[in-house]
Amino acid sequence: MKTTLPKESDIERVWYAVDASNQPAGRLAVKIAGLLRGKGKRDFTPHIDQGDFVIVVNAAKIKLTGSKNEQKIYQDYSRYPGGLKLTSAEQLRRRKPEQILSRAVRDMLPKNHQSKTQLGRLKIYAGEAHPHKAQQPRTLELN
């Protein structure tokens with residue numbers, strides 16, 4: 001018995017398009033994180049980056065369940081005294097609606113050296129239009 005590992009030249013990356021309209025943020029982020037890692041592939045290996053590209057449209061219409069829209073607080077710290085910024089999900093949705101899904105996916109990826117490259121393959125757009133038509137993305141149906 002011999003263990004075979006996929007080579008960089010053998011990895012095929014697929015483009016997926018996801019419509020985030022009325023989708024719960026957390027459930028959508030789990031599926032996107034799995035695609036970015038390549039967990040659906042038959043030869044998945046945690047230490048080899050085999051993930052696919054994911055395009056998310058209509059991120060401004062993403063759904064936050066319960067009262068998270070008013071109560072959820074995002075923290076940013078500049079590492080300077082008094083540099084803590086607190087932003088509610090409602091404010092973030094008005095200013096940068098893509099950030100809600102981007103932060104949810106980032107937090108669901110493993111905290112290692114691969115997460116930065118995996119997040120680089122995530123393209124999030126607030127509206128319907130995206131500039132990736134030439135890649136012919138597959139539509140990912142969510143139930």
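These legends accompany several views of a predicted model of one protein chain.

**View 1. The whole chain, with its five helices and six strands.** Starting at the N terminus, you can trace the order β-α-β-α-β-β-α-α-α-β-β along the sequence. Along the principal axes, the C-alpha atoms fill a box of roughly 55 × 35 × 25 Å. Among contacts with a separation of 6 or more, 70% join residues 24 or more positions apart.

**View 2. The surface of the chain and its charges.** About 9500 Å² is exposed, and carbon and sulfur atoms supply 50% of that area. Of the 143 residues, 41% count as buried. If you are looking for charged side chains, there are 27 positive and 14 negative ones, and the centres of the two sets lie 4 Å apart.

**View 3. The largest nonpolar core, a set of 27 residues.** In soluble globular proteins, nonpolar side chains tend to be buried together. Here, the members that touch the most others are Leu28, Ile32, Val54, Val56, Leu101, Val105 and Leu122. Two or more residues come from each of strands E1 (15-19), E2 (53-57) and E5 (122-124), and from each of helices H1 (25-37), H3 (89-95) and H4 (98-108). Which element gives the most to this core? That is H1, with seven residues.

**View 4. A closer look at Val56 and its contacts.** Leaving aside residues up to four places away in sequence, what does Val56 touch? Its partners are Val18, Ala20, Ile32, Leu101, Leu122, Lys123, Ile124 and Tyr125. Among these partners, Ile32, Leu101 and Leu122 are also listed with Val56 as the core residues that touch the most other members.

How values were computed. Residues numbered from 1 in each chain as written. Predicted model: local features only at pLDDT ≥ 70, side-chain atom pairs only at ≥ 80, totals over all residues. Heavy atoms only, no water. Helix = DSSP H or I, 4+ residues; strand = E, 2+ residues; numbered from the N terminus. Buried < 20%, exposed > 50% of the residue type's maximum accessible area, 1.4 Å probe, protein only. Contact = heavy atoms within 4.5 Å. Areas by Shrake-Rupley, 256 points an atom, 1.4 Å probe, with all protein chains shown as cover. Lys, Arg positive; Asp, Glu negative; His and termini not counted. Charge placed at Lys NZ, Arg CZ, Asp CG, Glu CD. Core = buried A, V, L, I, M, F, W, Y, C linked by side-chain atoms within 4.5 Å.
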